[in-house]
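Please find below some notes on this structure, written for someone opening it for the first time. They are set out as numbered points.

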Amino acid sequence: MLNLERLRTLDALARHGSVSGAADGLHVTTSAVSQQMAKLEREVGQRLLAKNGRGVRLTDAGRLLADHAARILSQVELAQSDIEAQRGEVVGEVRICAFPTAARGLFPATLTSLRADHPDLTVRTRELEPEQGLRAVFRGDVDLAVVLDWSNKRLPVPGGLTKAELLDDAPDIAMPAGHPLADRDEVDLEDFADDPWVSWPEGEFCYDWLMFTLRSRGIEPRIAHLAGEHHTQLALIAAGFGVCVAPRLGRGPVPDGVRLVPVRQTMRRHVHVVWRTDADRRPSVRAAVAALRAAGAGVAAGGG
């Protein structure tokens, strides 16, 4: 009889591509992963891993069993969903991730609601950028991910995942209070063709969106500084080191010396929650989605 936890370890190895990645995904030590794999190899009587430089790779037998493991674990999740649905109780654990401003803007209200309405439900949260969040849901590392895309640049959602809208987030342009456009009621992106920009780090979805959007309007952006946290971006703006796009969700206090001006053109961040479609019937997932949607509605009603 194949051990389910060892199959879960093999599945994590196949998805993450390394022992350390599997250990991180399973929240265990690398030695625990190695021990589970050694036991699984003894169970099946075949080598499942082979050395590959300093790391390991799956053998042909390992890949074959990993494919079966993925299907077995999916069926187990469906069975758990059916049992939870039949019982109708919101219990157990639900894991949620979100990009940082959504975590700051949505998690406090979401967690407060779930604690009040479902005291037997354990909620675990973490911050992940949108594309990382999608991968985490797809791999089964989290149950739900709060992600974003833009009105002119969509984030592809893989098959097997379900998406629900939470809110639209209207960004402003943040600039130093002494900027020539600081007294405007509205601005266009083209107004900042000659300004240095403070942006999200390269490789992040919002960085790619900013480059795509500015270039589509004939602007070759001059990226002066990169910062992942909006508070850091705004601190640089306050010190006079450029301009940046400043979404309203989770913004928090704005430093002295920063002026926020709405963008005239229609430019919106769409904030969604995604989860695995085969988890639809889990009351805990449905409860978490409902709490996130209520938190999103509250943010929208409050103007960000």
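1. Contact here means heavy atoms within 4.5 Å. With that cut-off, the cover over the buried residues of helix 7 includes helix 6 (130–139), strand 5 (144–150), strand 8 (196–199), strand 9 (222–226), strand 10 (244–246) and strand 12 (269–276). The model is a predicted one.

2. The buried residues of helix 7 are F205, C206, Y207, W209, L210, M211, T213 and L214. After the helix comes G218, with a positive phi near 80 degrees.

3. Does the length of helix 7 come out as expected, or what span should its residues give? The helix covers residues 205–216, which is 12 residues, and at 1.5 Å a residue they should span 16 Å; the C-alpha atoms at its ends are 16 Å apart, so the two agree.

4. Strand 8 and strand 9 run parallel and are joined by four bridges. Between these strands the chain passes through helix 7, and the resulting β-α-β crossover is right-handed. In this pairing, W197 stands opposite I223 of strand 9.

5. There is also an open sheet of five strands, in the order 4-3-5-12-6, and its pairing is mixed. Strand 4 (121–127) and strand 6 (161–169) are the edge strands, each pairing on one side only. On average, neighbouring strands in this sheet are turned by 25 degrees against each other, direction ignored.

6. At one edge of the sheet, strand 6 pairs with strand 12 in the antiparallel sense, over eight bridges. D169 has R269, in strand 12, as its bridge partner.

7. Two helices should be looked at together with this sheet. Helix 7 lies across strand 5 and strand 12, and it runs at about 10 degrees to strand 5. Helix 9 packs on the sheet as well, touching strand 3 (92–98), strand 4, strand 5, strand 6 and strand 12. The direction of helix 9 makes about 15 degrees with that of strand 6.

8. Which residues have the most contacts inside the largest nonpolar core? They are L106, L144, V146, W150, I173 and W197, in a core of 64 residues. Helix 9 (residues 283–301) gives the most to this core, with eight residues. Another core lies apart from it and has 16 residues, including A22, M37, L49 and A69.

9. V146 can serve as a viewpoint on the largest core. Leaving out residues up to four places away in sequence, V146 touches C97, A98, F99, A102, L106, L166, V271, H272, V273 and L292.

Notes
Residues numbered from 1 in each chain as written. Predicted model: local features only at pLDDT ≥ 70, side-chain atom pairs only at ≥ 80, totals over all residues. Heavy atoms only, no water. Core = buried A, V, L, I, M, F, W, Y, C linked by side-chain atoms within 4.5 Å. Buried < 20%, exposed > 50% of the residue type's maximum accessible area, 1.4 Å probe, protein only. Expected span 1.5 Å × (residues − 1). Pairing = 2+ DSSP bridges. Axes fitted to C-alpha atoms, helices over the stretch in contact; angles between N-to-C directions. Right-handed = clockwise from strand over helix to strand, strands pointing away.
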